[in-house]
Structures are given as C-alpha cells and as structure tokens.
Amino acid sequence: MDLLPQLLRTLTSVSSDAAIRAMLDGAARGSQGLLPVDGAGIVLLHPARTRTYVGASDSASLEFERLQSSLAQGPCFAAHHGLRSCCVPDLSRAEGTEDVGGFEQFATAARRRGLVGVFAFPLRHNGVSLGALDLYRMAPGALSAADMRMAQDIADFVATYVGAVLRGVALRSEAIRTHEEIALLNALRDERQFLATAIHELSNSVASIAGFTWVLEHATGTLSERQHQLVAAVRRNAGDMGALAADILTMLSRAPGTAPSAGSHELVDLRTVVSALRERLPVTAEAGPELVFQLPDRPVAVEGDPEQLQRMLANVLGNAIKYTQPGGTVVCALHRQGEHAHLQVRDSGIGIEAADEAHVFQGYFRGANAREQGIPGSGLGLAIVKAIAEEHGGRVSLASRLGAGTQVRIILPLAHPDGPPP
C-alpha cells in the first residue's frame with residue numbers, strides 16, 4: 001500500500017488559510033504514523049539560521065526541536081544547510097565522532113533526555129531547503145533504505161506544500177497591497193479634482209481683478225502717477241497669479257501614468273507664437289535684460305495647440321528674464337533643421353548648479369541657486385514646458401553653467417518639412 005497518499009490527506013485536511021504551525025504539527029504526526037519512529041518534528045528556517053515555525057508530533061519531540069533552536073545547532077541545521085540527510089542511529093556511540101560533528105552539545109543534552117537516534121532530512125524546494133524534518137527514536141537502530149527514501153519523500157512533499165501555502169500568502173498580500181494602492185489612487189484622484197475645481201475658481205477671481213484694473217485705468221478718469229503705479233502693481237500680481245493657476249491646472253490635467261493628450265491641434269506657425277509673446281513682453285521686461293528675437297523669413301509650421309505652445313514658450317522666456325539681471329541679454333531664436341523646428345532661448349543669467357540640472361524638469365523643483373538668491377517661483381515652469389513639448393511629439397533639453405547663463409532648446413516635428421503649407 002502506498003503511504004504517501006495518506007500523508008497527502010493529512011496535509012490537505014489543513015486549510016491553506018490555517019496557521020502554518022498547525023499544518024506542521026499535522027505533518028509531523030502523519031510522519032510519525034508512517035515511519036518506525038517514536039516522534040517527529042518539522043522546522044522552517046530562514047537564512048539567518050533562526051526558526052520561524054516549528055511543528056511536532058508530541059511534547060517530547062517539541063522539546064528536542066526547541067533544544068536545537070536554543071543551542072543553534074543540531075541535525076536539523078546540518079540537514080538544512082548541507083541539503084542532505086543527517087542520520088545518527090545511536091547517539092551513545094556517535095559522541096566524539098564525525099557523525100555528530102558540529103552539534104556535540106545537542107548530542108550530549110539530548111542523550112540526557114533519553115534520545116537515542118535522530119534522523120534529519122532537508123525540506124527541499126526548487127533547489128533550496130526550507131527547513132528540516134526530524135525523526136526521533138528512543139532505541140538504537142538505523143532506518144532501512146526504504147524508510148530513508150520515504151522520509152526524504154515526505155520532507156520534499158511537505159516542502160512543496162509549504163511553498164504553495166507561502167505563495168498563497170504572498171498572493172493574498174499582493175492582492176491586499178493592490179487594493180490599498182487602488183484606494184490611494186482613487187483618493188488622489190478625488191483630491192486632484194477638488195484642487196482643480198478650487199484653482200479654477202481662483203482663476204476666475206484673478207481674471208475679475210485683472211478686468212477691474214483695466215476699468216480703473218481706462219474708465220475712471222485721469223489717474224495720478226502714484227495711482228498708475230499701484231494699478232500696474234495689481235495688474236502684474238494678478239497676471240502672476242493667473243499664470244500660476246494656469247500652470248497648476250496644466251499639471252493637474254496630466255495625471256501620473258497617463259499618456260500625453262494631443263488636445264485640439266491645428267496648423268500653427270511658430271513665428272506667430274513668438275511674435276505674440278514679443279508684443280506682450282516689453283511691459284513684463286521693464287528695467288530687465290535686453291530681449292533679442294531671431295525669426296526666419298519662411299513659415300515654421302507645426303501641428304499643435306496654439307494656446308499650449310504659447311504657454312510653453314512663455315514659461316521658458318519668463319524664466320530667462322527672471323533669472324537674468326538688468327543689463328544682461330535674453331535671445332529667443334527659431335529656425336528649421338531637417339524635419340524639425342528648433343526653438344532656442346538662451347540667457348546670460350545666474351545659471352544652474354550642475355547637480356540640479358538632472359532635476360529641473362521635475363514638478364515643483366527649484367534650483368539651489370534660485371533659492372539662495374531669494375528669487376520667487378513655483379518650480380512648475382520647466383515641468384510644464386516638458387509636458388507640452390512631449391504632447392506635441394517633441395522634446396526639450398537644458399544646458400547651463402553657474403553664473404554664465406542657461407540655454408533651453410525645444411525641438412518639435414515640422415508639419416511640412418519640405419516647405420510651407422499650400
């Protein structure tokens with residue numbers, strides 16, 4: 001009669017959701033019933049050579065398992081780390097020999113407790129050992145070759161079952177972790193939606209403030225020079241707040257892990273984008289650096305969203321102006337090269353530390369040089385530039401030297417590389 005199916009029924013009678021220790025106890029009792037031994041124990045060991053779980057067929061076997069654990073030596077360790085059986089049929093004759101080499105203390109202490117023979121077999125699983133099956137006898141005598149094979153088969157069978165249980169635990173843990181991540185993503189989505197709504201309302205208020213400044217300047221009669229200065233200050237701050245709100249909304253619309261959106265693209269001549277900004281910048285750049293624009297004579301057409309492209313360039317130019325001292329120079333150059341449009345902004349400003357260059361396109365990052373000099377900013381500008389460039393099939397790069405200026409280059413695919421559109 002094949003005895004392994006009996007052990008299978010013993011093991012599978014324990015639910016995979018039950019404690020592993022209870023499963024080991026059942027397997028140890030099954031091993032004692034299948035083999036000519038007086039007791040059995042099973043131990044799971046991790047690489048640090050300490051026990052994680054112990055099972056035993058009876059109290060005496062559990063005591064021997066704990067003895068090995070307390071001494072950190074014994075046949076179970078020898079079988080586990082050697083990945084082969086360790087058999088001592090008679091401890092009284094084996095003391096002082098190679099048979100108990102490495103666990104003499106255990107052999108002496110176990111004999112005093114009445115143990116005569118001990119046989120340990122590694123729990124082999126996928127080429128490694130998960131622990132050991134220990135068989136105990138209170139009378140001398142070796143196990144037969146058939147019993148030895150049976151014992152190792154039992155150990156391997158237990159290892160396979162334990163491995164399956166551990167995999168099930170890992171899968172359940174992964175499912176729990178995935179569920180928690182989904183809950184977190186849902187919470188973040190709700191938070192992003194709330195923040196987007198709040199920023200949108202703020203944008204409306206800022207737009208209203210900007211509108212009233214126009215009314216103050218044009219529909220309320222003559223203002224004094226001081227009043228003009230105050231209204232201009234309100235207008236500038238409203239513009240800054242509006243730009244920041246727009247940048248935050250742009251970042252919120254780009255959820256992590258989502259593909260870039262093409263938006264509503266149309267044929268755009270980048271020269272018109274640059275020219276529109278050039279008309280607006282003289283007020284922004286008062287008492288600032290000299291602005292130089294270099295535009296080609298022929299169209300530079302790309303497929304894109306005019307508003308987003310203008311925001312992209314406005315962020316780059318805004319940074320260049322902000323970080324360049326009065327008397328410096330900011331150059332904005334546009335040209336065609338092969339099948340791409342190259343938009344380049346270089347300045348003679350404070351520059352960026354080399355350690356910060358790898359992080360400048362990350363959202364909310366600000367270089368150490370800007371922080372030390374107290375220059376205000378949200379750290380969103382270049383992150384917005386990168387996102388918009390990539391949405392238009394392009395890329396952006398930056399080169400800088402501390403104290404010697406910065407150059408930002410945006411490369412976009414041309415809509416009509418062979419010439420102007422018909």
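Here is a short back-and-forth about helix contacts, a sheet and nonpolar cores in a predicted model.

Student: How do you know that α3 and α6 are in contact?

Tutor: Contact means heavy atoms within 4.5 Å, and Phe64, Leu67, Gln68 and Leu71 in α3 meet Gln105, Phe106, Ala109 and Ala110 in α6. The residues of this contact divide into 6 nonpolar, 2 polar and no charged. As for the geometry, the axes of α3 (residues 59-71) and α6 (residues 104-112) come within 10 Å and cross at roughly 145°. The crossing is right-handed.

Student: What makes β11 and β12 a pair?

Tutor: Two strands pair if there are at least two bridges between them. β11 and β12 are joined by 7 bridges and run antiparallel, so by that cut-off they pair. Among the partners, Arg395 stands opposite Ile411 in β12, and Leu398 has Val408 as its bridge partner. The hairpin of these two strands has 3 residues between them, and Gly403 takes a positive phi near 80° there.

Student: Which sense does the pairing of β10 and β12 have?

Tutor: Antiparallel, over 7 bridges. One of the bridges puts His340 with Pro413 in β12.

Student: Why do β7 and β11 count as edges of the sheet?

Tutor: Take the strand order, which is β7-β9-β10-β12-β11 in an open sheet of 5 strands with mixed pairing. β7 (290-294) and β11 each have a single partner strand, so one side of each is left without a neighbour in the sheet. Ignoring direction, neighbouring strands here are turned by 10° against each other on average.

Student: What packs on that sheet?

Tutor: α10 lies across β7, β9, β10 and β12, running at about 25° to β10. α12 packs on the sheet too, touching β11 and β12, and its direction makes about 145° with that of β11.

Student: What makes a group of residues a nonpolar core, and which residues touch the most other members of the largest one?

Tutor: The members must be buried, nonpolar residues joined through side-chain atoms within 4.5 Å, where buried means under 20% relative accessible area. The largest core has 36 residues, and Leu270, Leu313, Leu317 and Ile410 touch the most other members. Its largest share, 7 residues, comes from α10. Leaving aside neighbours within four places in sequence, Leu313 is in contact with Val273, Val274, Leu277, Cys332, Leu343 and Val345. Apart from this core lies another, of 25 residues, among them Leu34, Ala40, Leu44 and Leu123.

Methods. Residues numbered from 1 in each chain as written. Predicted model: local features only at pLDDT ≥ 70, side-chain atom pairs only at ≥ 80, totals over all residues. Heavy atoms only, no water. Axes fitted to C-alpha atoms, helices over the stretch in contact; angles between N-to-C directions. Helix = DSSP H or I, 4+ residues; strand = E, 2+ residues; numbered from the N terminus. Left-handed = near helix turned anticlockwise from the far one by under 90°. Nonpolar A, V, L, I, M, F, W, Y, C, P; charged D, E, K, R; others polar. Buried < 20%, exposed > 50% of the residue type's maximum accessible area, 1.4 Å probe, protein only.
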